[in-house]
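The following questions and answers introduce a structure to a reader who has not met it before. Please examine the sequence and the model first.

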Amino acid sequence: MVSQRLTARRLTNLLGNWRGHGHSYLELAASIELLVRDGVLPPGAVLPAERPLSEELGLSRTTVSACYQRLRETGVALTRQGSGTVIRAPRVVDAGTANDESGAVVDLTRAIPEPWSGLPMLAARAMNEHPETFELAGYDTLGRAELRERIAARYTQRGLATSAEQIMVTVGAQHAIYLIARTLLSRGDRSLIESPSYPHAREALAATGALVADLPVMLDGHDPELTIDTVRRTSPTLSYLIPDHHNPTGLSMPQELRAQIITELSARGGYIIVDETTAELTLRETRTVLPFAASAALPHEQDRVITVGSLSKTVWGGLRVGWIRAAPDLIAQLEVSRRIGDLGTSSWEQVLATLAFDHYDEILLDRTKSLTAQHRALIEQLGAQLPSWRVSQAIGGVCVWVDLGEQRSSALSRECSKLGLQITPGPRFGSPGVFERFLRIPFSASEADLGDAVAMLEAAWAAGPQSSAPPQLASAVI
Ligand SMILES: Cc1ncc(COP(=O)(O)O)c(C=O)c1O
């Protein structure tokens, strides 16, 4: 277990607007449990002492004490002699266990489409056509030539000329993001990430010791002037962007902003990680999404764009194959740095991935059909049952971002979990304390599950209090 002592201020920031209208100690315990479940408080994290926490939260010490007692009773924390109250492990939710009257448990904490139905066929083809794979060492740090060529060809087909030497195969996109971050960032460097954004990318930047600044993304997308101003003021060594079908809004960056943002960042010597994990998941119709790097005005600017892709959302999350597209000398640097952390991607999974590219257009068409139907169902149900909520107008990806109009996201998520819906509250997608007015709703679940989810959201919303908490301010942009 990792030991990480939390200050009362830090825990208070992480908790955001946790207060509802029930017993404070129970709500505080449930909010801490939510942070554990979301991975914000890892096993081994040491909770603050009761007195400073009660002062910081403006609660009696008895309330904090009762909350810690509750955490021990429910197995979330334990008391270790000399260390205080320590987080044990996230409580495992058994998907087959009823925790509401109807017995439903819907998990919207993950935005992952169903595994592609052709996977057994791919596996059978791999067994029949590539038995030689079992004679290989079984893994490598750059990727098999056939797969690198297929990935490069896909970029070329999408409008960005690419050769295999510009590609490294990784163990999914998250691996790629952290590998790039730890190779290019040092402690104290400046990095930049859209806010809101994919939380594990923020964690990857922060884990290098870099300072992480926020690039605001509104419910209707990027504000071009604010974006360029933020880039100029922060002058980051490394930025992380999701320009197409952004997680969590499902929006895409305006074309006219792309060349400008690349010019501004590269002129300051910065690199940009462009996460295109969901760039090819379009709604309504399949369309070719021009890779972000193709917008670079000059070749040396294009070399500053490091594109990350993955098969986890298009084909299957269990196929741990992602990739990095970058200039060949940077690929070489990343390969050296990679060996410290892992020894390569499995050859067997690379064979499956290579075969998946034979069916890629068909897979994407399938995805567009189901995601479009699920998105439509979600929007209709939200419109009918929660009409005051404002929803981002997603054009792709797997989720929408919702403005609740009130600072209640954490309390709502907690309430939902009692009813049988697991959903990640808004603050998880930004720096601690922001986005308490927002909620991410993935539409990657089935229409039936989405229907149940909206019914539970509606019930939880109707049950909840009208929060009087003051708005939380976004952290300062450095
Ligand atoms: C935007 C984004 N990037 C990267 C990832 C991680 O992808 P992988 O499963 O390939 O590591 C996810 C998964 O949720 C994601 O939403």
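Q: Which residues come nearest to the ligand?
A: This is a predicted model. The ligand has 13 residues around it. Those that come nearest are G172, A173, Q174, S310 and S312.

Q: How many residues of the shell around the ligand are charged?
A: The shell can be divided by class into nonpolar, polar and charged residues. Its nonpolar residues number 3 and its polar residues 9. The charged class has 1.

Q: What distance separates the centres of domain 1 and domain 2?
A: Domain 1 covers 4-87, and domain 2 is made up of 119-239 + 250-270 + 297-358. Taken over C-alpha atoms, their centres are separated by 37 Å.

Q: Are helices α9 and α10 roughly parallel or roughly antiparallel to each other?
A: Helix α9 spans residues 224-234 and helix α10 residues 255-267. Their axes lie 10 Å apart and meet at an angle of about 10°. Angles under 35 degrees count as roughly parallel. The two helices, α9 and α10, are therefore roughly parallel.

Q: How many residues in the contact of α9 with α10 are nonpolar?
A: From α9, the contact draws on P224, T227, I228, V231 and R232. From α10 come L257, Q260, I261, E264 and L265. These residues include 2 polar and 2 charged ones, while the nonpolar ones number 6.

Q: Is L334 buried or exposed?
A: L334 is located in helix α12, residues 328-341. Leaving aside neighbours within four places in sequence, L334 is in contact with M168, L179, I180, T183 and I324. A residue is buried if 20 or more other C-beta atoms lie within 10 Å of its own. Because L334 has 22 such neighbours, it counts as buried.

Q: Is R190 buried, exposed or partly exposed?
A: R190 belongs to strand β8, which comprises residues 190-195. Burial requires 20 or more other C-beta atoms within 10 Å, and exposure 12 or fewer. R190 has 19, so this residue is partly exposed.

Q: How far apart in space are R190 and A124, C-alpha to C-alpha?
A: In sequence, R190 and A124 are 66 residues apart. In space, their C-alpha to C-alpha distance is 47 Å.

Q: How many of the 11 residues of helix α15 are buried?
A: Helix α15, residues 409-419, is mostly covered. The cover over its buried residues includes α2 (24-37), β17 (421-423), β18 (438-442) and α16 (447-463). Among the buried residues are S409, R414, C416 and L419. Of the 11 residues in α15, the number buried is 10.

Q: Which residue just after α15 takes a positive phi?
A: The phi in question is about 115°. The residue that takes this positive value just after α15 is G420.

How values were computed. Residues are numbered from 1 along each chain as its sequence is written. This is a predicted model: local features need pLDDT of at least 70, side-chain atom pairs count only at pLDDT 80 or more; totals for chains, interfaces and linings use all residues. Domain bounds come from an automatic or database domain assignment. Helices (H or I, at least four residues) and strands (E, at least two) are DSSP runs, numbered from the N terminus. A residue is near a molecule or strand if its C-beta atom, placed from the backbone, lies within 6 Å of it. Ala, Val, Leu, Ile, Met, Phe, Trp, Tyr, Cys and Pro count as nonpolar, Asp, Glu, Lys and Arg as charged, and the others, Gly among them, as polar. Axes are lines fitted to C-alpha atoms, for helices over the stretch in contact, and angles run from 0 to 180 degrees between N-to-C directions. Angles under 35 degrees count as roughly parallel, over 145 as roughly antiparallel, 65 to 115 as roughly perpendicular and the rest as oblique. Two residues are in contact if their C-beta atoms, placed from the backbone, lie within 7 Å.
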